[in-house]
Amino acid sequence: MQFGIIMENKLKWCFKLKDGLNIAEPNDTLAGSYIEEAKSSLERAEKNFNDKDLLWATVVIYYAEYYALYSFLQKIGVKCENHFCSILMTTHLLGEEKTKTINQHKDRRIDAQYYMRIGKKEEVEKMLQEAKVFVSMFDNFISSLISDEVDSYRNSLKKIKGEEKDEKE
């Protein structure tokens with residue numbers, strides 16, 4: 001229970017940030033554009049990998065995953081320019097298992113991009129395979145979302161933001 005309270009407090013903080021979490025209208029068009037960009041980014045990551053550019057392959061792998069995750073947020077009507085908050089909200093809504101990969105790859109992207117600590121070829125190749133699974137999973141999940149599920153996610157967002165009271169209170 002303690003973990004849930006900590007996460008909710010962090011999410012409330014995210015709602016207060018200037019470019020943090022905002023509830024908007026669900027946007028199927030943007031959701032589709034982001035998932036397509038995720039797929040395109042995977043192709044770029046694979047090209048970077050094949051060209052032995054492991055630094056940029058690592059960076060683009062992360063962004064492919066982020067675009068897939070953000071397509072879900074657009075689908076349910078969430079706007080956010082803060083990666084930490086976007087990933088945290090998705091973790092809250094879908095569970096840690098769904099965001100485990102992107103959290104690991106975010107750390108590797110930061111290491112590669114800012115500290116020049118680049119994984120070995122085998123490690124980056126594994127990341128690329130995991131990213132393909134991650135993007136495919138989000139693509140399938142988003143395409144099968146029905147409006148009742150979208151409404152349920154939105155109600156959860158509003159509850160955290162404080163726009164809707166818990167029915168048990």
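1. Starting with the pocket: the lining of the largest pocket in this predicted model splits into 6 nonpolar, 3 polar and 3 charged residues. The lining comes to 12 residues, and Met-7, Phe-84, Leu-88, Thr-91 and Asn-103 are the ones that lie nearest the pocket centre. The space inside is about 250 Å³.

2. Which helices build that lining? Helix H1 (2-16), helix H4 (83-94) and helix H5 (96-115) each put in at least two residues. H4 and H5 get a closer look below.

3. H4 has the span you'd want. With 12 residues at 1.5 Å a residue, H4 should reach 16 Å, and its end C-alpha atoms are indeed 16 Å apart, so the two agree.

4. H4 is also mostly covered, with 10 of its 12 residues buried. The buried set runs His-83, Cys-85, Ser-86, Ile-87, Leu-88, Met-89, Thr-90, Thr-91, Leu-93 and Leu-94. Leu-88 and Thr-91 may ring a bell: both are among the residues nearest the centre of the largest pocket.

5. Have a look at both ends of H4. At the N-terminal end, Asn-82 acts as the cap, with a side-chain oxygen 3.0 Å from the backbone nitrogen of Phe-84. Just past the other end, Gly-95 takes a positive phi of about 105°.

6. Leu-94 sits in H4 and counts as buried because its relative accessibility is 18%, under the 20% cut-off. What lies across from it in space? Tyr-153 is 59 residues away from Leu-94 in sequence, yet their C-alpha atoms are 9.3 Å apart.

7. On to H5. Its 20 residues, at 1.5 Å each, should span 28 Å; the end C-alpha atoms are 27 Å apart, which agrees.

8. Which residues of H5 are buried? They are Thr-99, Thr-101, Ile-102, His-105, Lys-106, Arg-109 and Ala-112. These cover an arc of only 135° around the axis, so they fall on the same side of H5. As background, an α-helix has 3.6 residues a turn, so residues three or four places apart point the same way. On the face of H5 turned away from that buried side you'll find the exposed residues Glu-96, Glu-97, Tyr-114 and Tyr-115.

9. Ser-71 belongs to helix H3 (residues 54-76). Is it buried or exposed? Ser-71 is buried, because its relative accessible area is 0%. Glu-37 is 34 residues from Ser-71 in sequence, and the C-alpha to C-alpha distance between them is 9.5 Å.

10. Two backbone angles are worth a glance. Most residues other than glycine have a negative phi. Lys-52, however, has a positive phi near 65°. Lys-52 sits in the loop between helix H2 (28-50) and H3, and counts as exposed because its relative accessibility is 68%, over the 50% cut-off.

11. The other one is Met-116, where phi is also positive, near 55°, in a residue other than glycine. Where is it in the fold? Met-116 lies in the loop between H5 and helix H6 (121-144). With a relative accessible area of 57%, Met-116 is exposed.

Note on methods
Residues are numbered from 1 along each chain as its sequence is written. This is a predicted model: local features need pLDDT of at least 70, side-chain atom pairs count only at pLDDT 80 or more; totals for chains, interfaces and linings use all residues. Side-chain values use heavy atoms; hydrogens and water are left out. On a 1 Å grid over the protein atoms alone, a cavity is a set of points where a 1.4 Å probe fits but cannot get out, and a pocket is an open set with protein on both sides within 12 Å along at least five of seven lines; lining residues have an atom within 4 Å of a point. Grid points are joined across faces, edges and corners, and a volume is the space filled by probe spheres set on the points. Helices (H or I, at least four residues) and strands (E, at least two) are DSSP runs, numbered from the N terminus. Ala, Val, Leu, Ile, Met, Phe, Trp, Tyr, Cys and Pro count as nonpolar, Asp, Glu, Lys and Arg as charged, and the others, Gly among them, as polar. The expected span of a helix is 1.5 Å times one less than its number of residues. Buried means under 20% relative accessible area, exposed over 50%, partly exposed in between (1.4 Å probe, protein chains only). A polar contact is a pair of N or O atoms within 3.5 Å; within protein, one must be able to donate a hydrogen and the other to accept it, and residues adjacent in sequence count only if both atoms are side-chain atoms. The arc is that of the directions from the helix axis to the C-beta atoms.
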